[in-house]
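Thanks for asking me to look over this model. Here are my notes, set out point by point so that you can follow them with the structure open beside you.

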Amino acid sequence: RQTRDYTPYGGENADMVCARLRQFLSILEADPCDTAIAFAHNGIMNMMLRVALGDELDYTGDTRKNCAIHVFEYIKGKWRLLAWNYMGKL
């Protein structure tokens, strides 16, 4: 898979964003809470899909609704996608 590396001056490239996301997820994984909420932009959601469903999957054709809810769970060392583009009440 070919990746693009657009690193703006003082910014992050895709690998840096993914490393930051994995660091955040490791904090969630170690926390004993049952539920957490996070707000993110489209780039982070792309990375979260890759983390949850596999690094080799390509989601470039997928569309995300603005302000939609995406639900993931972490059980027994694995992330899983429960809901995507959800617009109702949880």
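1. Of the 90 residues in the protein chain, 23% count as buried. Please keep in mind throughout that this is a predicted model. The chain holds two helices and two strands, and along the sequence these follow the pattern α-α-β-β. Among the contacts with a separation of 6 or more, 34% are between residues 24 or more positions apart.

2. Let's take the helices in turn, beginning with α1. This helix has 17 residues, and the distance from its first C-alpha to its last is 24 Å, close to the 24 Å expected at 1.5 Å a residue. Its buried residues are V17, C18, L21 and L25. Why do they fall on the same side of α1? They do so because they cover an arc of only 95° around the axis.

3. The other face of α1 is worth a look too. Turned away from the buried side, it carries the exposed residues D15, Q23, I27 and A30. As for the buried residues of α1, what covers them includes α2 and β2.

4. L28 also belongs to helix α1. Is L28 buried or partly exposed? With a relative accessible area of 25%, L28 is partly exposed, because buried would require a value under 20%. Setting aside residues up to four places away in sequence, L28 touches A36 and W79. There is also a long-range pairing to note: L28 and Y74 are 46 residues apart along the chain, and their C-alpha atoms are separated by 8.9 Å.

5. On to α2. With 12 residues at 1.5 Å a residue, this helix should span 16 Å, and its end C-alpha atoms are indeed 16 Å apart. The buried residues of α2 are I44, M45, M47, M48, L49, R50, V51 and A52; note that R50 is one of them. What do the buried residues of α2 pack against? Their partners are α1, β1 and β2. Just after the helix, G54 takes a positive phi of about 125°.

6. Two other backbone angles deserve a check. Most residues other than glycine have a negative phi. K76, however, has a phi near 50°, a positive value in a residue other than glycine. K76 is found in the loop between β1 and β2 and is exposed, with a relative accessible area of 82%.

7. The second case is N85, which is not a glycine but has a positive phi of about 60°. Where does N85 lie? It is in strand β2. Is N85 buried or exposed? At 15% relative accessibility, N85 counts as buried, whereas K76 is exposed at 82%. I would list the two separately for that reason.

8. R80 is another residue of strand β2, and it counts as partly exposed at 46% relative accessibility. Leaving aside neighbours within four places in sequence, R80 is in contact with V71, F72 and E73. R80 also comes up beside a residue of the buried set in α2: A52 is buried, and R80 and A52 are 5.5 Å apart in space, C-alpha to C-alpha, with their positions 28 residues apart in sequence.

9. Finally, the largest pocket. About 1100 Å³ of space lies in it. Of the 34 residues that line this pocket, the closest to its centre are A36, I37, A38, H70 and F72. Which elements give two or more residues to the lining? They are α1 (14-30), α2 (42-53), β1 (69-75) and β2 (78-86). β1 gives the most, with seven residues.

10. A last word on the character of that lining. Its residues divide into 23 nonpolar, five polar and six charged. Two of the residues closest to the pocket centre have appeared above: A36 is touched by L28, and F72 is in contact with R80. If you are viewing the model while reading, these are handy places to go from the pocket back to α1 and β2: L28 lies in helix α1, and R80 is found in strand β2.

How values were computed
Residues are numbered from 1 along each chain as its sequence is written. This is a predicted model: local features need pLDDT of at least 70, side-chain atom pairs count only at pLDDT 80 or more; totals for chains, interfaces and linings use all residues. Side-chain values use heavy atoms; hydrogens and water are left out. On a 1 Å grid over the protein atoms alone, a cavity is a set of points where a 1.4 Å probe fits but cannot get out, and a pocket is an open set with protein on both sides within 12 Å along at least five of seven lines; lining residues have an atom within 4 Å of a point. Grid points are joined across faces, edges and corners, and a volume is the space filled by probe spheres set on the points. Helices (H or I, at least four residues) and strands (E, at least two) are DSSP runs, numbered from the N terminus. Ala, Val, Leu, Ile, Met, Phe, Trp, Tyr, Cys and Pro count as nonpolar, Asp, Glu, Lys and Arg as charged, and the others, Gly among them, as polar. The expected span of a helix is 1.5 Å times one less than its number of residues. Buried means under 20% relative accessible area, exposed over 50%, partly exposed in between (1.4 Å probe, protein chains only). The arc is that of the directions from the helix axis to the C-beta atoms. Contact means heavy atoms within 4.5 Å.
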